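Work through the two exercises below with the structure in view. Try each task before reading its solution.

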Amino acid sequence: MSEASSQKVVIVGAGPAGIRAAATLIEAGLHPVVIDEGHRAGGQIYRRPPDGFIRPPEQLYGSEATKARALHALFDQLVEAGRLTHCAGSSVIAAHERRLHVLREGEVQVIGYDGLILATGASDRVAPVPGWQSAGVYSLGAAQIALKAQGVALGRHIVLIGSGPLLTLVGAQLLKAGADVAAVLDTSSWHRQMRGLSGLAARPIVALRGLVLRARLGGRYHAGVTLERIEADASGIIAMRWRDAGGRQRVTQCDMVGMGWHLRAETHLADLTGCAFDYDEQWRQWLPQTDTMGRAGNGVYLAGDGARLIGADGAEIAGRLAAVACLTDLGHAAPSVRADLRKLTRLERFAFGLARAFPWPSEMVRALPDDAIVCRCENITAGAVREGADFGGGEANRVKSVSRAGMGRCQGRYCQLAAVELVAAHAGCGPKDVGRFRGQAPVRPTPIGAFLRED
């Protein structure tokens, strides 16, 4: 048995980063194992619909259709040729001592590794708005998944709220599909968006596409809004109460609200594998520490939005870099990455421009009334989080223990950032001083019976 074939490298995630990492490892003679929660590779950005779906890639992915087709075809060819092992529909729920516990078809399997590439991507970064626990309120990502995977809109009359490129992209996609989008409400003002121009100039064509999408929204798009409340009744009618940039109160009727403020890195597995974290002031969230190649130590490598929020193009490059770093550390020859590093620098400059132009709404979160729900899983209010800060001494995990914020099914994926902002404001410090919720296994809801059958 050759040295290459005896070394096991596992990739978690089959999006752009995971696919490119797998291809790079295979070129060097390795046979990687790719574990992905999706049943077909592509990740969130290039999510594939089921067989027989009639809408072509040009309608699903727009200007990115060519890239999506290429990545899908590449991965499918590698699978068909037996060059990798694809564990589809599988979730890594725990990691310990270079072993992954993988939930697959109701059973937990243990997979060891010599190298681990985490390409776990990102999910919606949401901020609580009073009433967001109402039926009919979804994340922007959920709305996009329903459109891509099933060809449906989640409502008949839709309002989208938040900030960032996903806000206008989902709005334009829904409109193109024939949905009724009543309003797209951006909490970032025009003035604030102009602050990111220097960074956005790093990718002028991409920035121009964003402006074209916004133009398609027409008068539905409003910048610099203040979100007041989501009100819903038993009949499913929702009233979105908001103020425009001039301070005038507005009410928009709808039956579905989609919300999101750009993205938050999915870092639970990075936490369980022992990665160190830093608080990123620009992104207002804790991100894993890596070198420029994605090395996080202890045989773990991070690629894509799970480490740096740089989009699909950046994820492909980061996946290749992480694979090269892994190959080098395992003693294999690896290709040059100088050109990739130069491209990555430009993409990071663009990403920081987005972060400046479409910021996390810290002031809105800190001003939440006490009766507003912060943690939807556990029905925890802002007042309970503030009370927890009094007893928890302004430390995130103590407040979590006292208030139960972040202890539900999502494990803080949707409430942690807001809860930490509230604790920091109550304690008179910054989120960096409060800390972050520690990751806990299992990182996904798992039936107890699966552990009883663990192999």
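**Exercise 1. The sheet**

Task: In this predicted model, find the order of the three strands in the open sheet, and say which strands stand at its edges.

Solution:
- Step 1. Read the order. The strands run S13-S14-S15.
- Step 2. Check the sense. The pairing is antiparallel.
- Step 3. Find the edges. S13 (226-232) and S15 (249-254) each have a single partner strand, so one side of each is left without a neighbour in the sheet.
- Step 4. Add the twist. From one strand to the next it averages 20 degrees.
- Step 5. Look at one pair. S13 joins S14 (residues 238-243) over six bridges, in the antiparallel sense.
- Step 6. Pick out a bridge. Isoleucine 230 has methionine 240 in S14 as its bridge partner.

**Exercise 2. Two helices**

Task: Describe how helix H14 (residues 382-392) and helix H16 (residues 416-427) cross, and which residues meet.

Solution:
- Step 1. Start with the general rule. Two packed helices are described by the angle and the distance between their axes.
- Step 2. Take both values. The axes of H14 and H16 come within 9 Å and cross at roughly 50 degrees.
- Step 3. Name the arrangement. That angle makes H14 oblique to H16.
- Step 4. Give the hand. The crossing of H14 past H16 is right-handed.
- Step 5. List the contact. From H14 come Ala382, Val385, Arg386, Ala389 and Asp390; they meet Ala419, Leu422, Val423 and His426 of H16.
- Step 6. Sort by class. The contact of H14 with H16 has six nonpolar, two charged and one polar residues.

How values were computed: Residues are numbered from 1 along each chain as its sequence is written. This is a predicted model: local features need pLDDT of at least 70, side-chain atom pairs count only at pLDDT 80 or more; totals for chains, interfaces and linings use all residues. Side-chain values use heavy atoms; hydrogens and water are left out. Axes are lines fitted to C-alpha atoms, for helices over the stretch in contact, and angles run from 0 to 180 degrees between N-to-C directions. Helices (H or I, at least four residues) and strands (E, at least two) are DSSP runs, numbered from the N terminus. Angles under 35 degrees count as roughly parallel, over 145 as roughly antiparallel, 65 to 115 as roughly perpendicular and the rest as oblique. A crossing is left-handed if the near helix is turned anticlockwise from the far one by less than a right angle, and right-handed if clockwise. Contact means heavy atoms within 4.5 Å. Ala, Val, Leu, Ile, Met, Phe, Trp, Tyr, Cys and Pro count as nonpolar, Asp, Glu, Lys and Arg as charged, and the others, Gly among them, as polar. Two strands pair if DSSP finds at least two bridges between them.
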